Amino acid sequence: MASPEKCRFAKSHEWVSAEGDKAVVGISDHAQAEITDVVHVELPKPGRKVKAGEACAVVESVKAAFDIYAPVSGEVSEVNGELSKDPSLVNQSPHDKGWFFSIKISDPTEASALMDFSQYQEFLKAAH
Amino acid sequence: MTATTELRRTPFYGIHKAMGARLVDFHGWELPIQFTSILKEHQAVRSRCGVFDVSHMGQILVEGKQALEFLQKINTNDIAKAAPGKAVYSHMLNEKGGVVDDVIVGCYGPGRYLVVVNAGTADKDFRWYQRHAAAFDVRVENQSDLLCMLAIQGPTAVPVVEAITPGSAPLPRFGVLEIELFGQRAFVQRTGYTGEDGFEIIAPNEIAPRLWEEVVSHGRSYGLAPCGLGARDTLRLEAGLLLYGQDIDDEHTPFEANYGWVVKLEKGDFVGKGALERQKREGLKRRLTGVALSESGVPRAGAIVRAGETVLGSLVSATFSPTLQKGIGVGYLDRPELRPGEMISVEIHGRRVAAEVAAVPFYRREA
């Protein structure tokens, strides 16, 4: 469980939970509620090198497709295979069972430059 | 939704807004795409029932001694089958055989018809009617701005509608009934756009709020859910029903849309008949064909369909099917002879996803 209070957030609504050089990535509770019914997730292949801000996964609702961007640079180390069996985990458990992938971080300063939980809450309020 | 265009609102707009529905611009109308979730609303209609605000649809009243002759002239289907109390689904064509609109013509008495037309085409249709009506003893009146329309659809729709409009339950499929509702003249039709049993109630705007209230309160014990356009689209696509402007338009004929059953060439002359007869003689070059993904993924309108390396066409409507739990779609493919089961691919996010030709409708309710 990557509790929201301990995560960092990108403006594109991904969360990152970093520990050492490993960062787990998912989408925020706000994002899953906006997307509603997630019916398919396309994940990057492990080993793929990604740059911060690069589109590397796709979330599909009944109505539309949404790009998911790597919040930090590095190499994709693991992906959540459970999402292909049950994409609704993204809705049910966005910060836990609905995680997307993990990245072996190449630049540790990137994660700390993202918003913390309270900044993200402010960001959401300002956007509405 | 853009702030610069003035969107039209139905008499139910305030109710939708207060319920927290997510509203979108649909052909210039501000309508709910979903109240809670497309999947939940879809499921409610397949297993219980749902109510849809379809007031954006147009209604044209056709009356007069030659109303039938006039309607026969501009429709592909045999409107004589719409005896009083009955309705028929039909296409209206241009001279090239392209579809001007798909409509439901209900007969509410001798020489008295209510034609339900699409939102995006109501004005175009009315001009089309006026142009052709000149040659007949007939009065054509656009009532679209005066009337609201609710669709109550699903296996438990009957008791809900019967409670509000007594006498509806015995209506056969495509039966219609004129009634008095809260002191006003209203129309009930056993029609719909979901592939389930159900009704559409057409009533004056003034009684819209009360009508909604009654539907929701009578629907409560039957599991009724307010539904948006999102579920309406997945329900109709599963049921193989056409969306005008997407699946059919002025450039495609009913034969190409695989809707030859709405064309009655033997009934007499009608606009577009010559073009259809010619197409029948020469054979089809393309046909609206069903596609179902064999792998997971969600196809969208515009996706390219291939057989091997050969491009066959692209999808005009596509979605994730909540009932079948897989990607489905329809597209004009230039191999009219394709049969269900043949292997094809659909391009999604630059990747070719395995699929097969599928029978349409994708879903058929148990009788």
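Which are the buried residues of α3(B)? They are A67(B), L68(B), F70(B), L71(B), Q72(B) and I74(B). This is a predicted model, and the report starts from that helix before turning to the rest of chain B and to chain A.

## Domain 2 of chain B: helices on a sheet

Helix α3(B) is mostly covered, with six of its eight residues buried. The cover over those buried residues includes β4, β5, β6, β7 and α4 of chain B. The helix itself takes in residues 67-74. It lies across β4, β5, β6 (99-107) and β7 of chain B. Its direction is about 130 degrees to β4(B).

A second helix, α4 (residues 122-133) of chain B, also lies across strands. These are β4, β5, β6, β7 and β8 of chain B. Here the angle to β4(B) is about 15 degrees.

The sheet beneath has five strands and is open. Its order is β5-β6-β7-β4-β8 (chain B), with antiparallel pairing. At the edges stand β5 (87-93) and β8 (139-142) of chain B. Each has a single partner strand, so one side of each is left without a neighbour in the sheet. On average, neighbouring strands are turned by 25 degrees against each other, direction ignored.

Inside this sheet, β4 (residues 58-63) and β7 (residues 112-117) of chain B pair in the antiparallel sense over six bridges. I60(B) stands opposite V115(B) in β7(B).

## Domains of chain B

Chain B is divided into three parts: domain 1 (13-54 + 145-238), domain 2 (58-142) and domain 3 (285-358). Domain 1 is written as two segments, 13-54 and 145-238. The centres of domain 2 and domain 3 of chain B are 34 Å apart, taken over C-alpha atoms.

## Strand β9 of chain B and its partners

Strand β9 (residues 147-153) of chain B is largely enclosed by the rest of the structure, because seven of its seven residues are buried. L147(B), M149(B), A151(B) and Q153(B) point one way from β9(B). C148(B), L150(B) and I152(B) point the other way, and all are buried. The general pattern is that side chains in a regular strand alternate between the two faces of the sheet.

The table lists antiparallel strand pairs of both chains.

| Strand pair | Bridges | One bridge pair |
|---|---|---|
| β3(B) and β9(B) | four bridges | F52(B) and A151(B) |
| β9(B) and β12(B) | seven bridges | Q153(B) and G198(B) |
| β5(A) and β8(A) | two bridges | V50(A) and G74(A) |

Strand β12 (residues 198-204) of chain B holds I202(B). Is I202(B) buried or exposed? I202(B) counts as buried because 24 other C-beta atoms lie within 10 Å; the cut-off for buried is 20 or more. Leaving out residues up to four places away in sequence, I202(B) touches Q59(B), L147(B), M149(B), A186(B) and F187(B). Two of these contacts, L147(B) and M149(B), are among the β9(B) residues that point one way. G223(B) is 21 residues from I202(B) along the chain. Their C-alpha atoms are separated by 22 Å.

## Where chain B meets chain A

How many residues of chain B are in contact with chain A? The count is 12 residues of chain B, in contact with 11 residues of chain A. On the chain B side, the elements giving two or more residues are α2 (38-47), α7 (229-238) and β16 (310-321). By class, that side has four nonpolar, eight polar and no charged residues.

## Chain A

Chain A has five helices and 10 strands. Its radius of gyration is 13 Å. That agrees with a compact globule, because 128 residues would give a value near 14 Å. The C-alpha trace spans about 35 × 35 × 25 Å along its principal axes. Of the 128 residues, 47% count as buried. Among contacts in chain A with a separation of 6 or more, 61% join residues 24 or more positions apart.

An open sheet of seven strands runs in the order β5-β8-β9-β3-β2-β1-β10 (chain A), with antiparallel pairing. The edge strands are β5 (49-50) and β10 (115-116) of chain A. Each has a single partner strand, so one side of each lacks a neighbour in the sheet. For β5(A), a pairing over two bridges links it to β8 (residues 74-79) of chain A.

Technical notes:
Residues numbered from 1 in each chain as written. Chains lettered and ligands numbered in written order. Predicted model: local features only at pLDDT ≥ 70, side-chain atom pairs only at ≥ 80, totals over all residues. Domains from an automatic or database assignment. Pairing = 2+ DSSP bridges. Axes fitted to C-alpha atoms, helices over the stretch in contact; angles between N-to-C directions. Contact = placed C-beta atoms within 7 Å. Nonpolar A, V, L, I, M, F, W, Y, C, P; charged D, E, K, R; others polar. Rg over C-alpha atoms; globule rule 2.2 N^0.38 Å. Buried ≥ 20, exposed ≤ 12 C-beta atoms within 10 Å, placed from the backbone.
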